[in-house]
Amino acid sequence: MTERIPATLIDTLDPGRPVRLTPARSGGPIHTRSFTGTIRTLRLVTGALLFLLFFSTAWLNVDGRQAVLWDLGKRQFHIFGATFWPQDFILLSALLIIAAFGLFFITVLAGRAWCGYACPQSTWTWIFMWAEKVTEGDRLRRIRLDAAPWSLGKLLRRSAKHGLWLAVSLATAIAFVGYFTPVRALVVDLFSLSLDGQTAFWLFFFTAATYLNAGWLREKVCVHMCPYSRFQSVMFDPDTLIISYDAARGENRGPRRKDSDPAAQGLGDCIDCSICVQVCPTGIDIRDGLQLDCLSCGACIDACDSVMDRMGYARGLVRYTSERALEGGKTRLWRPRLVGYAMALLVMLGAFAWALEARPLLSLDVTRDRTLFRENTAGQIENMYSLKLINKTQQPRQYRVSVSGEDYALRGRQEIALAPGEIVDLPVSVARLRETGQTASRIRFNLEDLHDPASRTSSPSTFVAPANR
């Protein structure tokens, strides 16, 4: 009725009950079986949306400029019409913290749903597995191909597979590097063989990294290299939704005829077909309980449901459920830890939105000249300053510079026009109009956008005068 996974048996304390090694335990290559199902369709839709987002965003233009471009050389980061500068890195830190709390929230709610549906490692691995199926055939054909001696046919199939892997890897590298250098010029330079050495290195690096991670390492990255797999289980609680095998319903497991009565044979609903093992990308047996290697991709759920349909049994022998539900209780959706993460997320998202809205689109940095002071022709004490002005908008702007306080006057250029993203160093001097009796006073420089008076910023500095003046 169904093909069985090749059994590798080892002895146990009970010779009558040998243990079948799963692919993960045997250490051999993992060849997954093709399957269909609702969860697979959901994962394909999610992966397609992520692929579309990743590969297309860099090609979008806003106001004649690449929509998303991290220009490291100019230290400007363009994101959909907004330009961010190194001074705005606090926003990036806040965004990373929000992402971490979002991951915590998802983990408490639905276990490793991120790993199964949205993680780039998992998504690219599924693409590479698809390339493997297209070039080498389904699971049994790939197993036979591994065992077969080298021949022209085997060489052609392996070459086609690795060719597809390298093509996907190169496309991934182009898309990724295209977020840091203009992607259109990058593609032209690549195919005209005129890339500079630095860009060529990063293209080669990310091509090789994608090829190795998704093609060769695969589940080893998730199990041995990813830190999330190490600490995610401590975030679970009895109400976390995880993929579980219902042992109370499935045991004792064993093969049987479709029209037989399993209860009369002392059997549960599990027919021990091992298809759940054959479809698992990490090669584990979900019937062994919750394991570190489980990515929560739901492949075993779709596979088991298809077997239950053929046998005429109810679906859900393997399903998303909680430890509490398996013990006969009712899963609690909202509990203190989950509510806490949700509240923290809402507060941080609100604060982040406010910070983005309140972010000044102009910048002013003041540096006082090393010369302590000088006396001008009017007998007034002057200090020299260098003002660094940055127009963070995508439009040309006209700015006015001033200094606070009735005791001080700004000498030099007070209005200046800046192009989009332009940085200008403006030398000015400040004269003290009357004596204050202080050798060091605090003053403040102001920068105002003449097109938008609400857009303004200021920066403090120090005015130095001789002790007797």
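Mentor: Before we start, accessible areas here come from the Shrake-Rupley method with a 1.4 Å probe. And keep in mind that this is a predicted model.

Trainee: Okay, how much of the protein's accessible surface belongs to carbon and sulfur atoms?

Mentor: Start with the whole accessible surface, which comes to about 25,100 Å². The share of carbon and sulfur atoms in that is 62%.

Trainee: Is the protein spread out or a compact globule, and why?

Mentor: Let's count pieces first: the protein has 16 helices and 18 strands. For 469 residues the globule rule gives 23 Å, and the radius of gyration is well over that at 32 Å, so the protein is more spread out than a compact globule. As for its extent, the C-alpha trace along the principal axes spans about 110 × 60 × 40 Å.

Trainee: What percentage of the residues is buried?

Mentor: A residue goes in that group if its relative accessible area is under 20%. Out of the 469 residues, the buried ones make up 42%.

Trainee: Which part of the span 89–110 is helix, and how far apart are its end C-alpha atoms?

Mentor: UniProt, in an unreviewed entry, lists residues 89–110 among its "transmembrane region" features. In the model that span is 100% helix and 0% strand, with its end C-alpha atoms 31 Å apart.

Trainee: And how far apart are the end C-alpha atoms of residues 200–217?

Mentor: That span also carries the "transmembrane region" label in the unreviewed UniProt entry. Residues 200–217 are 100% helix and 0% strand, and the distance between their end C-alpha atoms is 24 Å.

Key:
Residues are numbered from 1 along each chain as its sequence is written. This is a predicted model: local features need pLDDT of at least 70, side-chain atom pairs count only at pLDDT 80 or more; totals for chains, interfaces and linings use all residues. Side-chain values use heavy atoms; hydrogens and water are left out. Helices (H or I, at least four residues) and strands (E, at least two) are DSSP runs, numbered from the N terminus. The radius of gyration is taken over C-alpha atoms; the globule rule is 2.2 Å times the number of residues to the power 0.38. Buried means under 20% relative accessible area, exposed over 50%, partly exposed in between (1.4 Å probe, protein chains only). UniProt positions are given in the numbering used here, feature names are shortened, and annotations may be inferred rather than shown by experiment.
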